[in-house]
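Biologist: I am new to this structure and would appreciate a guided reading. Please take the questions one at a time.

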Amino acid sequence: MGGELIASIIDACPDVRHPDIRFVLQPMTRGEELRKYLSENGFEILYENTVFEGKYYTVISCRYTGNNYELSLSELLLGKLGARTENEAFYAMAKNKLDVLRAIYDGKKRGGADCSYEEKLINEITQILDNGEKI
């Protein structure tokens, strides 16, 4: 199930907006859409973990607080700091996404398209990797 579908299911169930209810979510795609929904709708991300089993998987633990907040571009794409703590799978996933972003950036730049979004995200991810890469 993708992040956008998980978000739409949560959104359709107003009864889950209670601080005693905790979720453990595993978006198979579009995790950034789920993180955006959670942050904009008062769900606090308590913890994230990234694992690699043939592909990268992210697990998100969250609960409703009613407090909206903003996530940086890199937090939307990669997850919050909990996923980064000495987690080799997280850093490998971040490097993989960075390589993809660089290819997109190069293609857009060659074509004369605006690549400011990719440039900002590349800078954020590079800083994360430079500050704690374990691989």
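Biologist: Which elements do the buried residues of α2 pack against?

Modeller: This is a predicted model: local features need pLDDT of at least 70, side-chain atom pairs count only at pLDDT 80 or more, and totals for chains, interfaces and linings use all residues. Residues are numbered from 1 along each chain as its sequence is written, and side-chain values use heavy atoms, without hydrogens or water. Helices (H or I, at least four residues) and strands (E, at least two) are DSSP runs, numbered from the N terminus. Through contacts (heavy atoms within 4.5 Å), the buried residues of α2 pack against one further strand set and two helices, namely β1, β2, β3, α1 (3-11) and α3.

Biologist: Which residues of α2 are buried?

Modeller: The helix spans residues 31-40. Buried means under 20% relative accessible area, exposed over 50% and partly exposed in between (1.4 Å probe, protein chains only). In α2 the residues that count as buried are G31, L34, R35, Y37, L38 and S39.

Biologist: At what angle does α2 run to β2?

Modeller: Helix α2 lies across β1, β2 and β3. Axes are lines fitted to C-alpha atoms, for helices over the stretch in contact, and angles run from 0 to 180 degrees between N-to-C directions. Relative to β2, the helix runs at about 160°.

Biologist: What residue with a positive phi follows α2?

Modeller: The phi of this residue is near 80°. The residue that follows α2 is G42.

Biologist: Which strands are at the edges of the sheet?

Modeller: Three strands form an open sheet in the order β1-β3-β2, with antiparallel pairing; two strands pair if DSSP finds at least two bridges between them. The twist averages 15° from one strand to the next. An edge strand here pairs on one side only, as do β1 (22-25) and β2 (43-52).

Biologist: Which residue of β3 stands opposite L25?

Modeller: Strand β3 covers residues 56-64 and runs antiparallel to β1, with four bridges joining the two. Opposite L25, in β3, stands I60.

Biologist: Why does E118 count as buried?

Modeller: E118 lies in helix α5 (residues 116-132). Leaving aside residues up to four places away in sequence, E118 touches L101, I104, Y105 and K108. E118 counts as buried because its relative accessibility is 8%.
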